[in-house]
Amino acid sequence: TTVGGGTFRDLMIGHENGVSKRAFWMGEPEYLAIGLGTGVFTFFFWNLLVDCFNLSQDDAFFFWWDTVGISAFCVIGAMHGIRAGLHPFIVAMCGMFSASFGGLTRDVISRHPVRIMHNHAELYAAPAFFGAAAYVLARSLGAPLGSRIAAGFWTCMVLRAACWFTNFRLPTMGEVKDAKKRPDLMATPQTTPEETAKL
């Protein structure tokens, strides 16, 4: 989860300033250390923390920290896309990859339903995309670095919080229809001997 989004982003970018790009954590192993340390701590002490502090994975506390992380990483991903000289739309996609594809990697490996592909949970990828897009827009308008970061970060924060408070979900497609599978069209037509002779 920690490095999956950035790894996917770097694989998609492939290069930066004409130089072949490797996964970011190969040059910044502190990200691996943070993820490993947090994972080990959670593995051994989560149940103890639940008993001591009455914690739940559905607590608002975790939602807000998760939202802060998404908002920060969508901006970082956009910065990587800009340094690679990509199209603005693809830059926003890089922000979305960085913020949400770590969870996608986790869900695929652990054989859970991919969270960003279902509407039973609060929005995840869409706020990250629009946060990164806000960073790109602010940059195109000539805003200084601090203002660009604030625009991307707070756009993602506000959108995800608004969706959470209003219980907004992206629409999903209903039953997929297929005319060739309609019962009234699947019946075999019956012909009389006279009609067969005419054929």
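## Salt bridges

Arg9, Asp10 and Lys21 are joined in a network of salt bridges, and in this predicted model the structure holds four salt bridges. Within that network, the side chains of Lys21 and Asp10 meet at 3.7 Å, N to O. Lys21 lies in the loop between β2 (19–20) and α2, whereas Asp10 belongs to helix α1, so the pair ties together parts that are eleven residues apart in sequence. Lys21 is buried, with a relative accessible area of 18%, which falls under the 20% limit used for that class, and Asp10 is likewise buried, with a relative accessible area of 2%.

Another salt bridge is formed by Arg160 with Asp66, whose closest N and O atoms are 3.3 Å apart. Because Arg160 lies in helix α6 and Asp66 in helix α3, this pair ties together parts that are 94 residues apart in sequence. Arg160 counts as buried at 0% relative accessibility, while Asp66 counts as partly exposed at 25%. The side chains of Asp107 and Arg106 also meet in a salt bridge, at 3.0 Å from N to O; here Asp107 is buried, at 7% relative accessibility, and Arg106 is partly exposed, with a relative accessible area of 33%.

## The largest pocket

The largest pocket holds about 1,800 Å³ of space. Its lining comprises 43 residues, of which Thr1, Phe62, Asp66, Arg106 and Tyr124 lie nearest the centre of the pocket. Asp66 and Arg106 have already appeared as salt-bridge residues, the former with Arg160 and the latter with Asp107.

Helices α1 (4–13), α2, α3 (60–83), α4 (88–109) and α6 (145–166) each supply at least two residues of this lining. By class, the lining residues of the largest pocket divide into 20 nonpolar, 14 polar and nine charged.

## The enclosed cavity

The count of cavities of 30 Å³ or more comes to one, and the largest cavity has a volume of about 40 Å³. Its lining is made by Ser100, Gly103, Leu104, Arg106, Asp107, Arg115, Ile116 and Tyr124, which by class are three nonpolar, two polar and three charged residues. Both partners of the salt bridge between Asp107 and Arg106 are therefore found in the lining of this cavity, given that a lining residue has an atom within 4 Å of a cavity point.

## A nonpolar surface patch

On the surface, Leu36, Val40, Phe41, Phe43, Phe44, Phe45 and Leu48 make a nonpolar patch of about 790 Å². One of these residues, Leu36, is found in helix α2 (residues 30–53) and counts as exposed, at 59% relative accessibility.

Definitions and conventions:
Residues are numbered from 1 along each chain as its sequence is written. This is a predicted model: local features need pLDDT of at least 70, side-chain atom pairs count only at pLDDT 80 or more; totals for chains, interfaces and linings use all residues. Side-chain values use heavy atoms; hydrogens and water are left out. Patches are made of residues with over 30% relative accessible area and no salt bridge: like charges are joined within 9 Å, nonpolar side chains (Val, Leu, Ile, Met, Phe, Trp, Tyr) within 5 Å. Accessible areas come from the Shrake-Rupley method with a 1.4 Å probe; for residues, only the protein chains shown count as cover. Helices (H or I, at least four residues) and strands (E, at least two) are DSSP runs, numbered from the N terminus. Buried means under 20% relative accessible area, exposed over 50%, partly exposed in between (1.4 Å probe, protein chains only). On a 1 Å grid over the protein atoms alone, a cavity is a set of points where a 1.4 Å probe fits but cannot get out, and a pocket is an open set with protein on both sides within 12 Å along at least five of seven lines; lining residues have an atom within 4 Å of a point. Grid points are joined across faces, edges and corners, and a volume is the space filled by probe spheres set on the points. Ala, Val, Leu, Ile, Met, Phe, Trp, Tyr, Cys and Pro count as nonpolar, Asp, Glu, Lys and Arg as charged, and the others, Gly among them, as polar.
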